[in-house]
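Reader: I'm a first-year student and I'd love a close look at one part of this protein. Could you walk me through how the helices pack against each other, and take your time over it?

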Amino acid sequence: CRSLVTLSVLALTQRFLSWTEIKTQITCPAVNFKVRNGHLNPANQWHKTIDCDFLLSFHSPAWPPSAMEWKTRVRTWPDHDAVNIAIAGGCELVPKIGLKYDQFRWRLSFSRAEGFLAGQVGQKQRICYLALKLFFKQKLKNVCSFLKSYHLKTLFFYFLEKKSAEYWKTTSEKAVLKHLLEM
């Protein structure tokens, strides 16, 4: 079964990724690839190392009742139409990783909705998010190893919900980063 999973994911991966060396590791339920000397883009810009994870998921077209509060929450961003589009995409059910002796725990993943919402942010917001990630990687990652990129994204989306369009027009990127770090 492990070999079949590895071969299946390798066949899929070869459609968009080229490499000269690859190492696979199955840590159920994920398959991890460490690709050396690989590229992901048509320009053939080669990267020294690319790290990819593939995870089994089951799509649910319905938005779960436990997440309905997000639909009705009072916010300035995203607008009502964007919320409805995000919700219409449903969610995924994915195995919960890290529980060695419990193979029956699952969690809800809203990665499709998050990806859609990421496409709804403006240039200034995107720059501020990248500055937050850079600050985290340079200053906090070694001190707060329990924090992950997902936490930063969640914090940033919550921050966006609370800030008006006027805030983004009148506040500098430096001040926005300071406000993010004060949360």
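Author: Let's start with a word you'll need: a crossing of two helices is right-handed if the near helix is turned clockwise from the far one by less than a right angle, and left-handed if anticlockwise. Keep in mind that what you're looking at is a predicted model.

A quick overview helps before we zoom in. The protein has eight helices and six strands. Reading from the N terminus, the elements go α-β-β-β-β-α-α-β-β-α-α-α-α-α. Of its 183 residues, 30% count as buried. Among the contacts with a separation of 6 or more, 49% are between residues 24 or more positions apart.

Now for the packing itself. Two packed helices are described by the angle between their axes and the distance between the axes. Let's take the pairs one by one.

Start with α5, which covers residues 123-140, and α8. Their axes are 10 Å apart and the packing angle is about 55°. Angles from 35 to 65 degrees fall outside the parallel and perpendicular ranges, so α5 and α8 are oblique to each other. And here's where that opening definition pays off: the crossing of α5 and α8 is right-handed. Who does the touching? On the α5 side you'll find Lys124, Ile127, Cys128, Ala131, Leu132 and Phe135, and on the α8 side Glu173, Val176, Leu177, Leu180 and Leu181. Sorted by class, the contact of α5 with α8 has nine nonpolar residues, two charged ones and no polar ones.

Next, stay with α8 but swap its partner for α6. The axes of α6 and α8 come within 11 Å and cross at roughly 115°. That angle makes α6 roughly perpendicular to α8. The crossing is again described as right-handed, with α6 passing α8. Here Leu155, Phe156 and Phe159 in α6 meet Val176, His179 and Leu180 in α8. The contact of α6 with α8 divides into five nonpolar residues, one polar and no charged.

Did you catch a name that came up in both contacts? Which residue of α8 meets Leu155, Phe156 and Phe159 of α6 along with His179 and Leu180? It's Val176, and Val176 is also part of the contact with α5, so let's pause on it, since a relative accessible area of 0% makes valine 176 buried. Valine 176 lies in helix α8, which runs over residues 173-182. Leaving aside its neighbours within four places in sequence, valine 176 is in contact with Cys128, Phe159, Tyr167, Trp168 and Thr171. Two of those names may ring a bell: Cys128 is in the α5 contact, and Phe159 is in the α6 contact. You can also check valine 176 against tyrosine 129: they're 47 residues apart in sequence, while their C-alpha atoms are 9.5 Å apart in space.

The third pair brings in α4. Helix α4 (residues 111-118) packs with helix α6 (residues 149-162) at an angle of about 55°, and their axes are 12 Å apart. That makes α4 and α6 oblique to each other. This time the handedness is the other one from our opening definition: α4 passes α6 in a left-handed crossing. Glu114, Leu117 and Ala118 of α4 make the contact with Tyr150, Lys153 and Phe157 of α6. By class, that contact of α4 with α6 comes to four nonpolar, two charged and no polar residues.

Let's zoom in on one of the charged ones. Is glutamate 114 buried or exposed? Its relative accessible area is 15%, and the cut-off for buried is under 20%, so glutamate 114 is buried. Setting aside neighbours within four places in sequence, glutamate 114 is in contact with Tyr150, Lys153 and Phe157.

Before you go, two things to look for outside the helix pairs. A cis peptide bond joins tryptophan 77 and proline 78, with omega of about -10°. In general, most peptide bonds are trans. Proline 78 lies in the loop between α2 (68-72) and α3 (80-88). The other stop is serine 66, in the loop between β4 (58-60) and α2. Serine 66 is exposed, with a relative accessible area of 66%. Serine 66 and leucine 108 are 42 residues apart in sequence, with their C-alpha atoms 9.8 Å apart in space.

Key: Residues numbered from 1 in each chain as written. Predicted model: local features only at pLDDT ≥ 70, side-chain atom pairs only at ≥ 80, totals over all residues. Heavy atoms only, no water. Axes fitted to C-alpha atoms, helices over the stretch in contact; angles between N-to-C directions. Helix = DSSP H or I, 4+ residues; strand = E, 2+ residues; numbered from the N terminus. Parallel < 35°, antiparallel > 145°, perpendicular 65-115°, else oblique. Contact = heavy atoms within 4.5 Å. Nonpolar A, V, L, I, M, F, W, Y, C, P; charged D, E, K, R; others polar. Buried < 20%, exposed > 50% of the residue type's maximum accessible area, 1.4 Å probe, protein only.
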